[in-house]
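Subject: Structure for your review

Hello,

Here is the structure I said I would pass on. My notes on what was found in it follow below.

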Amino acid sequence: MSKRDRRRELPPVPEALPVPAVDAHTHLDACGAKTADEVRAVVDRAEAAGIGRVVTVADDIASAQWAVEAAGWDERVYAAVALHPTRTKDFDDADRAVLERLVEQPRVVAVGETGLDYYWDYSPPGPQQEAFRWHIDLAKRSGKALMIHDREAHDDILRILAEEGAPETVVFHCFSGDAEFARACVDAGYVLSFAGTATFRNARALREAAKLVPPDQMLVETDAPFLTPHPFRGQPNEPYCVNYTLRDLAELRGMSLEELVVATTATAERVFRLDQA
């Protein structure tokens, strides 16, 4: 198989985990699942690998509406709704009204992904910060977890959370900081979610951070179809691949696989109140 063909091929579905896990952040629509049958097929593959539940996350208004609909198609799927920071340049009252309506749906377990992204220049920092403050307020009003996208914006994220007053539950999706930033987040009571990037062998600072997070403040995610874990980096990603990330992180942290899966699943159940959804 050529290198190009390999990069288009999904990794093999691994042996099932010893106990069920949760993919705390994925994008089922971006994985190509548009219909109820396609969603079911993706989640069936995940369940075969021991990933029994997934949170599908919106990044624009249309995707938020779709995520809520998809969460009604399959009891293994939950939704998070927000406007991604790179799309906030034209965030208006009509968008806010839609999100306020959607967040009240029972299968919506988080406000996300929201936050700041200083890597891309699609939206200036000002509108991003204004939208982030609004999403923080929405999370507090709705009682749902706040799911943060933080790219090259650590200091401003922490500053705005402090200024606004953080919601009861804050999740740093696809945590990207080093050990020092991880300690600051842990000390603030925030939850850190690790994606396939934490398995990359050149991500030394991130892997050091993944070692020190208490299990009850740790989640694991795919962010599929992006960030496929080692050794399949660069190939397409799906929720079942969180199995690979859990195996790698368990070894990194010196834990048994079952111990880490049980801990991160309990964290997901608490953070997203899955028993109430």
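In this predicted model, strands E5 (residues 145-151) and E6 (residues 170-172) run parallel and are joined by three bridges. Within that pairing, Ile-148 has Phe-172 of E6 opposite it. Helix H5 (residues 125-142) packs on the sheet, where it touches E4 and E5. The direction of H5 makes about 160° with that of E4. Another helix, H3 (residues 61-73), lies across three strands: E2 (51-57), E3 (77-81) and E4 (108-117). Relative to E3, helix H3 runs at about 160°.

The sheet as a whole is open and has eight strands, paired in parallel, in the order E1-E2-E3-E4-E5-E6-E7-E8. Its edges are strand E1 (21-26) and strand E8 (218-220); each has a single partner strand, so one side of each lacks a neighbour in the sheet. From one strand to the next, the twist averages 25°.

Next, the annotated site. The UniProt entry, which is unreviewed, carries a "binding site" annotation on His-25, His-27, Glu-113 and Asp-223. Why can these residues be said to gather at one spot? They span 199 residues in sequence, but no two of their C-alpha atoms are more than 11.0 Å apart, so they come together at one spot. Three of this set, His-27, Glu-113 and Asp-223, are also in the lining of the largest pocket. Of the annotated residues, Glu-113 is found in strand E4, one of the strands that helix H3 lies across and that helix H5 touches.

Last, the enclosed space. With a cut-off of 30 Å³ or more, the count comes to one cavity. The volume of the largest cavity is about 30 Å³. Which residues line the largest cavity? They are Ala-21, Val-22, Leu-219, Val-220, Leu-246, Thr-264 and Ala-268. At least two lining residues come from each of E1, E8 and helix H10 (257-272). Strands E1 and E8 are also the ones that stand at the edges of the sheet. By residue class, the lining of the largest cavity has six nonpolar residues, one polar and no charged.

Regards

Definitions and conventions:
Residues numbered from 1 in each chain as written. Predicted model: local features only at pLDDT ≥ 70, side-chain atom pairs only at ≥ 80, totals over all residues. Heavy atoms only, no water. Pairing = 2+ DSSP bridges. Helix = DSSP H or I, 4+ residues; strand = E, 2+ residues; numbered from the N terminus. Axes fitted to C-alpha atoms, helices over the stretch in contact; angles between N-to-C directions. Contact = heavy atoms within 4.5 Å. 1 Å grid on protein atoms, 1.4 Å probe; cavity = no way out; pocket = protein on both sides within 12 Å on 5 of 7 lines; lining within 4 Å. Points joined across faces, edges and corners; volume = space filled by probe spheres on them. Nonpolar A, V, L, I, M, F, W, Y, C, P; charged D, E, K, R; others polar. UniProt positions renumbered as here; feature names shortened; annotations may be inferred.
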